[in-house]
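Here is a short tour for someone meeting this structure for the first time. Have a look at the picture, then read on.

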Amino acid sequence: MERRIDFSRDRCMLCAGCGREFLVDLGWIDRWEQTEEKCPGCGLTCEHEHAPRVTIAPRDPALDNERVPQFFWYHTSTCPDWPAKHFDPAADLTAETRLRMGGEEHVAAWTARQRSKALHVGTYEAAVHNMLRRMDDQADSRNQFYLYRVRLRPDVVVREGWLVDPSDWLGDVVLTEVCPSGIDVARYLNYHEDPGGLSLALGRNAITSVQEIAIPLPDAWDGGWAREAIATLESASDVPVRATGKLARFMPPSSPRATEGRELGRALAGRLPVNLRRQFESAVSFDEGTDPVPWARRASSLCGLIVDPQRVLAALDAAEHREV
């Protein structure tokens, strides 16, 4: 079962100061994060420890235990075979790294901890947001990503209620801490990707199959935008020019082409919901020496994941089901 995809939907806020729950749009949240909005009940701003935060919409259909296994869930990863059947987190460790970790006994303990971590799935919006976040702050902007549509076992046992995001500072969750014996799936309020949405922490055996596509889709760019962007970039000089002004000595030389590329990326980001713009702009950053043609096509195709999700779902419909 597919849920309606809406990156721009309103969000529920809950104030810990006065207990008021209220509905806002993404623009309000953006202004609130700049201390330009207050709780309509008690006047707290984002600077206060009891300030309002996003919360689960009371009518979120995933609050119904029986519907959780009926929905499609999503995940993005740079791994082409997620969730890997024989996951070995120590496979790529060099001999030197193993020694720095304290030897094979410590490596084995670390490997066991990595294998004990929960998997994460969420809404389509959360999966795309996760990819942009990783491109922005985890140096994954040039790596190939894959989008997974996940089917759960129809008989999974869902933990009652929902948790506030249980992830640690690395985004990790120990499976047994949220899914004790007899529980397969735990819902949690996602603060970081698709804020206010419900995501799931679960083990590999809760998944029956996945469908996988590489993203962004090949040949999915907006032809008109891409042609104009390529023409603009190719007509601009790629020779770096020294900056001028008081701060020039702190600024590296930049070519007119790179400046145009950054402006094009910023304008494309401006088409998106405000909470995605900064990370999207980072994901499509235009560096010196970047080839205008693949850059424009990729930037437009990334935008399409958000503005034209139906095209992505159609590609997933055509993908084979891989049993897990």
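Is Pro-309 buried or exposed? Pro-309 is buried, at a relative accessible area of 11%; buried stands for under 20% relative accessible area, exposed for over 50%, and partly exposed for in between (1.4 Å probe, protein chains only). Before going further, a word on the ground rules: this is a predicted model, where local features need pLDDT of at least 70 and side-chain atom pairs count only at pLDDT 80 or more, while totals for chains, interfaces and linings use all residues. Residues are numbered from 1 along each chain as its sequence is written, and side-chain values use heavy atoms, with hydrogens and water left out.

**Around H10**

Pro-309 sits in helix H10; helices (H or I, at least four residues) and strands (E, at least two) are DSSP runs, numbered from the N terminus. Setting aside neighbours within four places in sequence, Pro-309 is in contact with Ile-5, Tyr-124 and Gly-304, contact being heavy atoms within 4.5 Å. Pro-309 and Tyr-124 are 185 residues apart along the chain, yet their C-alpha atoms are separated by 8.8 Å.

H10 covers residues 309-317, and its buried residues are Pro-309, Val-312, Leu-313 and Leu-316. Looking down the axis of H10, these buried residues fall within an arc of 100°, so they line one face of the helix. That arc is taken from the directions from the helix axis to the C-beta atoms. There is a general rule behind such patterns: an α-helix has 3.6 residues a turn, so residues three or four places apart point the same way. On the other side of H10, Gln-310 and Asp-317 are exposed. What do the buried residues of H10 pack against? Their partners are strand E4 (73-77), helix H4 (124-137), strand E6 (145-152), strand E10 (207-215) and H9.

**H9 meets H6**

H9 (residues 292-307) also packs with helix H6 (residues 223-234), at an angle of about 145° and with the axes 9 Å apart. Here the axes are lines fitted to C-alpha atoms, for helices over the stretch in contact, and angles run from 0 to 180 degrees between N-to-C directions. The crossing of H6 past H9 is right-handed, meaning the near helix is turned clockwise from the far one by less than a right angle (anticlockwise would be left-handed). From H6 come Trp-225, Ala-226, Ala-229, Ile-230, Leu-233 and Glu-234, and they meet Pro-292, Val-293, Trp-295, Ala-296, Ala-299 and Ser-300 of H9. Sorted by class, that contact has 10 nonpolar, 1 polar and 1 charged residues. In this sorting, Ala, Val, Leu, Ile, Met, Phe, Trp, Tyr, Cys and Pro count as nonpolar, Asp, Glu, Lys and Arg as charged, and the others, Gly among them, as polar.

**H1 and its surroundings**

Over to helix H1 (residues 26-33), whose buried residues are Leu-26, Trp-28, Ile-29 and Trp-32. Seen down the axis of H1, they fall within an arc of 155°, so they line one face of the helix. They pack against strand E1 (11-14), strand E2 (21-24) and strand E3 (53-55). At the N-terminal end of H1, Asp-25 acts as a cap, with a side-chain oxygen 3.2 Å from the backbone nitrogen of Gly-27.

The loop between H1 and E3 holds Cys-46, which is partly exposed at a relative accessible area of 26%. Leaving out neighbours within four places in sequence, Cys-46 is in contact with Trp-32, Glu-33, Thr-35 and Ala-51.

**Backbone oddities**

Most residues other than glycine have a negative phi, and most peptide bonds are trans. Here are some spots with a positive phi or a cis bond.

| Spot | Backbone value |
|---|---|
| Thr-35 | positive phi of about 60° |
| Asp-194 | phi near 50° |
| Asp-219 | positive phi of about 60° |
| Trp-82 to Pro-83 | cis, omega about -15° |
| Ile-215 to Pro-216 | cis, omega near 0° |

Where are they? Thr-35 comes just after H1, and Pro-83 is in the loop between E4 and helix H2 (95-100). The loop between E10 and H6 contains Pro-216 as well as Asp-219. Asp-219 is exposed, with a relative accessible area of 54%.

Asp-194 belongs to the loop between strand E8 (185-190) and strand E9 (197-202), and counts as buried at 3% relative accessibility. Beyond its neighbours within four places in sequence, Asp-194 is in contact with Arg-9, Arg-11, Thr-123, Glu-125, Ala-126 and His-129.

Methods
A polar contact is a pair of N or O atoms within 3.5 Å; within protein, one must be able to donate a hydrogen and the other to accept it, and residues adjacent in sequence count only if both atoms are side-chain atoms.
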